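Visitor: I am new to this and keep meeting terms that nobody explains. Could you walk me through one model and show me how each label is earned?

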Amino acid sequence: MPAGFQQLGGEVIFSLRTVTGTFVLSVFTAVLGSLEFGYNIGVINAPQKMIEKDYNATWIERYGEPIPTGTLTSLWSLSVAIFSIGGMLSSFCVGFVSEWLGRKAMLVNNVFAFLGGSLMGMSKLCSSFEMMILGRFIIGAYCGLASGLTPMYVGEISPTSLRGALGTLHQLAIVTGILIAQVLGLEVLLGSEHLWPVLMGLTVVPTVLQMALLPFCPESPRFLYIVRCQEHHAKRGLRRLTGKQEVGDMLAEMKEEKRKMDMERKGIFYYSTSIFMKAGVQSPVYATIGAGVVNCAFTVVSLFLIERMGRRTLHMLGLGGMCICAIIMTTALALLESVPWMSYISMLSIFGFVAFFEIGPGPIPWFFVAELFSQGPRPAAMAVAGFSNWTANFIVGMCFQYVAELLGPYVFLIFAALLLFFLIFTFFRVPETRGKTFDQIAANFQHHSAGGMMDMDLDMDLDKPSTELDYLGDESIN
Ligand SMILES: *[C@@H]1O[C@H](CO)[C@@H](O)[C@H](O)[C@H]1NC(C)=O
């Protein structure tokens, strides 16, 4: 049997023999959505000054006077944060849209990306910040849908042994998208006064590519079989994806499994350039890109560590590390006036902050949510988690500028306090789920064994059928 395999961090087995060209194409096409999602997270912060300048110019053109500083801050904050509102609203529709349209939802979703990208790209030409804001809203809606549809599709077409690894691929595509946006956002490339509309509009490129490739990707057999009851079509899809003629086993297996929604996570990149500027860094954009590289690297590090150390331990390590970095950051910023080299300390602490984020609080909550809920309520739990995430994102996006102006460097103490709270909460209330069956996790909550000190071996496979565990409406989860 030509079974090439590779062991990664212990238990994730890459069984390459199940990979066909169609499968690779399908995953690649779907993950373009994640890339685009990351791109739109990362794209907004580098050209901030240029875009603000154009908002000002538009204002002068319309009203014959410079834009008041407060109005400019509001318009800019809105441009950044409305992305999250779009994502918030649409992420809530993922379940419904995917049941309705199936995988073709990704194709339809591209209309949003095309519209949003065009509006943003044309906004300077039309001297309209309204177009920019509307475009950000629509592209946010695209990203909210894509962030649910992509992992769902990839999860559904993947063989069980590859599912965990491909879940990481989705996250890698997001951070890669962020990095690409940051590099292209350099002033010497597209982050300049005249070229920023190109930077914004470039998001339609992966859209067009995805639109062109999607017709060659089979609909998720799981969707066809479980939701649509189209056994014949499901079999045909399975044959194309696996390259095998006999797919009866897989079809039977599908009955047992329900789909799992894996979701995206976001970094702290909305405001990184201005944070670095406040930190006294000379070329903030390069520092931002540095953070992007750290982000990518530690996403990979986390993939390896999560197998060895357990989720709870890593999560607490990440939270604690972020908390300490935030405190160092505050101290460094407060001393910056009198001690110039503090700018390097503050930059290092930002890198540390990002690294610790990617080790724990970045990837882990998504695994956790999927693990803590059984098959039945899991999609609903994921939707609530996604919604909370997007809401929190919106609040940070909208308020950061104001709070930062109000508190100066001490804005990071708010993060430190919240992180400490989350750390304490995790210590007392969150159990280790590594290597436990869903029943054991449920029992853990029932007996209020809050310490959750058990540290067993990890099983990345979140898709084991669980029948008994059902947390929705169960008081013991509080
Ligand atoms: C807007 O532009 C005018 C003229 O170039 C300038 O004097 C003013 O400082 C600008 N306002 C802001 C808030 O940048």
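Guide: Below, we take some labels one at a time and check each against its rule.

Visitor: How do you know how far to trust this model?

Guide: Happily, the model is predicted, and it comes with a confidence score for each residue, pLDDT, on a scale from 0 to 100. The chain has a mean pLDDT of 75, and 71% of its residues reach 70 or more. Residues 258–267 stay under 50, although the model has 52 contacts for them beyond four places in sequence. Another stretch with pLDDT below 50 is 448–478, which has 92 contacts beyond near neighbours in sequence.

Visitor: Why are α1 and α6 called roughly antiparallel?

Guide: Start with the angle: the axes of α1 (residues 21–42) and α6 (residues 129–157) cross at roughly 150° and come within 8 Å. The label roughly antiparallel is for angles over 145 degrees, so α1 and α6 earn it. The crossing of α1 past α6 is left-handed. Among the residues in this contact are F23, V27 and F37 of α1, along with I139, Y142 and V154 of α6. By class, the contact of α1 with α6 has 12 nonpolar, 6 polar and 2 charged residues.

Visitor: What makes α15 and α16 roughly antiparallel to each other?

Guide: Here the crossing angle is roughly 165°, and the axes of α15 (residues 311–335) and α16 (residues 342–359) come within 8 Å. With the cut-off at over 145 degrees, α15 and α16 are therefore roughly antiparallel. This crossing, too, is left-handed. The residues that meet include L314, M322 and L333 in α15, and I345, F353 and F356 in α16. Their contact divides into 17 nonpolar, 5 polar and no charged residues.

Visitor: Why are α2 and α6 called oblique?

Guide: Try it as a process of elimination. Helices α2 and α6 pack at about 135°, with axes 10 Å apart. Roughly parallel needs under 35 degrees, roughly perpendicular 65 to 115, and roughly antiparallel over 145. None of these ranges takes in about 135°, so α2 and α6 are oblique. Y55 and W59 of α2 are among the residues that meet α6, whose side includes F129 and M132. This contact of α2 with α6 has 6 nonpolar, 1 polar and 2 charged residues.

Visitor: How do you know that K53 forms a salt bridge with E193?

Guide: Check the distance. The closest N and O atoms of K53 and E193 are 3.4 Å apart. The rule asks for a side-chain nitrogen of Lys or Arg within 4 Å of a carboxyl oxygen of Asp or Glu, so this pair qualifies. The structure holds 5 salt bridges.

Visitor: What does the pair of K53 and E193 tie together?

Guide: K53 lies in α2 (residues 48–63) and E193 in the loop between α7 (160–184) and α8 (196–201), so the pair ties together parts that are 140 residues apart in sequence.

Terms used
Residues are numbered from 1 along each chain as its sequence is written. This is a predicted model: local features need pLDDT of at least 70, side-chain atom pairs count only at pLDDT 80 or more; totals for chains, interfaces and linings use all residues. Side-chain values use heavy atoms; hydrogens and water are left out. Axes are lines fitted to C-alpha atoms, for helices over the stretch in contact, and angles run from 0 to 180 degrees between N-to-C directions. Helices (H or I, at least four residues) and strands (E, at least two) are DSSP runs, numbered from the N terminus. A crossing is left-handed if the near helix is turned anticlockwise from the far one by less than a right angle, and right-handed if clockwise. Contact means heavy atoms within 4.5 Å. Ala, Val, Leu, Ile, Met, Phe, Trp, Tyr, Cys and Pro count as nonpolar, Asp, Glu, Lys and Arg as charged, and the others, Gly among them, as polar. pLDDT is the predictor's confidence in each residue, from 0 to 100.
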